[in-house]
Amino acid sequence: MCHADNPWDCPDTFGKRPFNPSPRQAHLPQWPLKLKLISPVAPFFHKSHLLLSADCAAFSYKDFHQSLLKSKILIIGCPALDGAEFSEKLCKIVQNNDIRSLTIARMDAPCCKNFATMVVDMILKSRKRIPLQVITVFSEGEITD
């Protein structure tokens, strides 16, 4: 068992401690965040509200943590760079878990053009009823629903 001062120094326990918000703490109740690294059967997906974010969205939207991430499990990835693996992994997460809602944070950029369509198709294939919200982040830092 690891007893380090910093949670990221203990890979076996990081993300498993109770979330204790403080003014300086990010709203990240789990680890890892990158879709490629996440297990589709991770316990933090059980009855969760997911935020599926394009890699760029958090850097482009100043209030990402305050307005989008609160009370959600974050998955980040890039449908353009991650290819078919992106859709396959996300499909496994949805199929193996009771997902309560899914929010997409995508960029207004050509590489995110089919992001929402891909996720809608995946939800339809799963035959689950999952409420979906799509938020578009513009490079100037504004968002639209």
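**Exercises: a buried strand, a cavity and a patch**

At 0% relative accessibility, Ala105 counts as buried, where buried means under 20% relative accessible area, exposed over 50% and partly exposed in between, with a 1.4 Å probe and protein chains only. The model is predicted: local features need pLDDT of at least 70, side-chain atom pairs count only at pLDDT 80 or more, and totals for chains, interfaces and linings use all residues. Residues are numbered from 1 along each chain as its sequence is written, and side-chain values use heavy atoms, leaving out hydrogens and water.

**Exercise 1.** Place Ala105 in its strand and relate Ala105 to Ala57.

*Solution.* Start with the strand: Ala105 lies in S3, residues 99-107 (strands are DSSP E runs of at least two residues, helices H or I runs of at least four, numbered from the N terminus). Next, take Ala57: 48 residues separate Ala105 and Ala57 in sequence, yet their C-alpha atoms are 6.4 Å apart in space.

**Exercise 2.** Sort the lining of the largest cavity by residue class.

*Solution.* List the lining first: Ala54, Asp55, Cys56, Gly77, Cys78, Pro79, Cys111 and Cys112. Then apply the classes: Ala, Val, Leu, Ile, Met, Phe, Trp, Tyr, Cys and Pro are nonpolar, Asp, Glu, Lys and Arg charged, and the others, Gly among them, polar. The result is six nonpolar, one polar and one charged.

**Exercise 3.** Decide whether Leu124 is buried or exposed, and find its helix.

*Solution.* Leu124 counts as exposed because its relative accessibility is 61%. To finish, locate Leu124 in helix H5, residues 115-126.

Conventions: On a 1 Å grid over the protein atoms alone, a cavity is a set of points where a 1.4 Å probe fits but cannot get out, and a pocket is an open set with protein on both sides within 12 Å along at least five of seven lines; lining residues have an atom within 4 Å of a point.
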